Amino acid sequence: MKILIRQARPVDAAGGVGNLTDLLIDDGMIAAMGPELEVEDAQVIEAKGLVVSAGLVDMHVHLRQPGFEYKETIFSGALSAAAGGFTAVACMPNTRPVIDEPGGVAYIREEAGKALAEGGARVWPIAAVSKGQKGQEINDYEALKAAGAVALSDDGVPVQNNNLLRDAMILANRQGLTLLSHCEDADMVQNFAVNEGRVSRQLRIPGRPAIAEELQVMRDAMLAEETGAAVHICHVSTARSVDIIRQAKKRGVRITCETCPQYFTFTEEEVLEKGSLARVNPPLRTPADVEGIIAGLKDGTIDVIATDHAPHSAEEKARPLTEAPSGMIGLETSLAATLTALYHTDKMSLPDIIRKMTVNPAAILHLPTAGHLAVGAEANLTLFDPNEEWVVDPEQFRSKARNTIFAGKTLKGRVKYTILGGEIIYRDE
């Protein structure tokens, strides 16, 4: 099947913003690019006013299957990803059972294949660092990689055992696998609901101190430096964490990191308005932390914008703040939220944003699914209108979950088409 995209504005992580161009997709590949292409028997997408980029990649999502299918499934998550402009996502292993053996990885790949066949984004499995995510025994990383795991993480249950984590980094490095680290000191944060600070004091509840994240970021940076392993810090939320990573990078440490739209859009004040919907882990922080996150994005310290897509049921999120689970969904708002907070405020350029949502996450996970806009590349594309305003209505989402603090917010920027392997997997009707 041929698809001709007419008069799109190409934005490439390497090439910047290009002139209006036509793109011809044929047999799943980008067959030609140029002004006013003449093609017969092609489906035409009139894309004037739209930006075209390589397909977005989210390296940090929770799809809940197996074990929590009432929250999300691989299929519903893959459809949600497509609606958000993502052609590939990587799912965390904190399921029931935990994805900590080759059979579990094979199961994720099998379900991902079914979702792909039904028009969803590609789903790549991340396997657990430790057996059962209990932080006591290391898994067989060679076998997990052979089964198809693209990285390792105990996200959701941070590894507290320093010796085990050091050994894990050494073994992961031998397999060429990046270790994705959720950085919080478990004793300091326990199951507290919000940032330790003004809001926690106002609500008269204990909070999660910023230092609990920063200590673990420092530990992981030091272990990465000592072992030579590739370590990626998940969902960075504090300004000092950004600075620790910045200094480690200057020393040549193989460390990368991500943040999420909630951490450069909202502060802890959102909890006072949205309650449990604003409970995320790590928590929303202070205005100074938001400034530090944005500075880290601008100077390249923060490599990736991810979602930490964390679906929960409406009943779970309706619980009191101190009892509700942490997390929010993000696949269908991520690009728009990022454009609204960073591009339309002149804080970041489109190529820089696209780089953090395509090439960088794919490179960290060694995925073959993202690249530059070029003839001969697989046709994995996202077309979006950077200026279209819309009000977030979670009831319209493809995700099974509705838990987002962006509900009711007006965002600027909307995905219009997602194309994977030359097939349209999402069209904004």
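**Exercise 1. Is K409 buried, partly exposed or exposed, and with which residue does its side chain form a salt bridge?**

Before the solution, the basis of the values is stated. The model is predicted, with local features requiring pLDDT of at least 70 and side-chain atom pairs counting only at pLDDT 80 or more, whereas totals for chains, interfaces and linings use all residues. Residues are numbered from 1 along each chain as its sequence is written, and side-chain values use heavy atoms, with hydrogens and water left out.

*Step 1.* The classes of accessibility are buried (under 20% relative accessible area), exposed (over 50%) and partly exposed (in between), for a 1.4 Å probe and protein chains only. K409 has a relative accessible area of 24% and is therefore partly exposed.

*Step 2.* A salt bridge requires a side-chain nitrogen of Lys or Arg within 4 Å of a carboxyl oxygen of Asp or Glu. K409 meets this criterion with E270, since their closest N and O atoms are 3.3 Å apart.

*Step 3.* Helices (H or I, at least four residues) and strands (E, at least two) are DSSP runs, numbered from the N terminus. E270 belongs to helix α10 (residues 270-274) and K409 to the loop between β17 (381-391) and β18 (410-420), so the salt bridge ties together parts that are 139 residues apart in sequence.

*Step 4.* The partner E270 counts as buried, at 10% relative accessibility. In the whole structure, 20 salt bridges are found.

**Exercise 2. Which residues does the salt-bridge network that includes K416 join?**

*Step 1.* K416 forms a salt bridge with E388, the closest N and O atoms lying 2.9 Å apart. This pair links distant parts of the chain, with K416 in strand β18 and E388 in strand β17, 28 residues apart.

*Step 2.* K416 also meets D428 in a salt bridge, at 2.7 Å from N to O. D428 lies in the segment after β19 (423-427) and K416 in strand β18, so this pair ties together parts that are 12 residues apart in sequence.

*Step 3.* K416 is buried at 17% relative accessibility, and D428 is buried with a relative accessible area of 17%. E388 is partly exposed, at 23%.

*Step 4.* Through shared partners, the salt bridges join E388, R414, K416 and D428 into one network.

**Exercise 3. In what order do the three strands of the sheet with β7 lie, and which helix packs on this sheet?**

*Step 1.* Strands count as paired if DSSP finds at least two bridges between them. The three strands form an open sheet in the order β7-β8-β9, with parallel pairing.

*Step 2.* At the edges are β7 (56-61) and β9 (122-125), each of which pairs on one side only. From one strand to the next, the twist averages 20°.

*Step 3.* β7 is joined by four bridges to strand β8 (residues 86-91). Within this pairing, V61 has C91 in β8 as its bridge partner.

*Step 4.* Helix α2 (residues 102-117) packs on the sheet and touches β8 and β9, where contact means heavy atoms within 4.5 Å. The direction of α2 makes about 175° with that of β9; angles run from 0 to 180 degrees between N-to-C directions, and axes are lines fitted to C-alpha atoms, for helices over the stretch in contact.

**Exercise 4. How does helix α8 lie relative to α7 and to α11: roughly parallel or roughly antiparallel?**

*Step 1.* Angles under 35 degrees count as roughly parallel, over 145 as roughly antiparallel, 65 to 115 as roughly perpendicular and the rest as oblique.

*Step 2.* The axes of α7 (residues 210-227) and α8 (residues 239-250) come within 9 Å and cross at roughly 10°. This angle makes α7 roughly parallel to α8.

*Step 3.* The contact of α7 with α8 comprises seven nonpolar, one polar and three charged residues. Here Ala, Val, Leu, Ile, Met, Phe, Trp, Tyr, Cys and Pro count as nonpolar, Asp, Glu, Lys and Arg as charged, and the others, Gly among them, as polar.

*Step 4.* The axes of α8 and α11 (residues 287-299) come within 7 Å and cross at roughly 30°. α8 and α11 are therefore roughly parallel to each other.

*Step 5.* In this contact, A239, V242 and R246 of α8 meet residues of α11 that include A288, D289 and G292. By class, the contact has five nonpolar, two polar and three charged residues.
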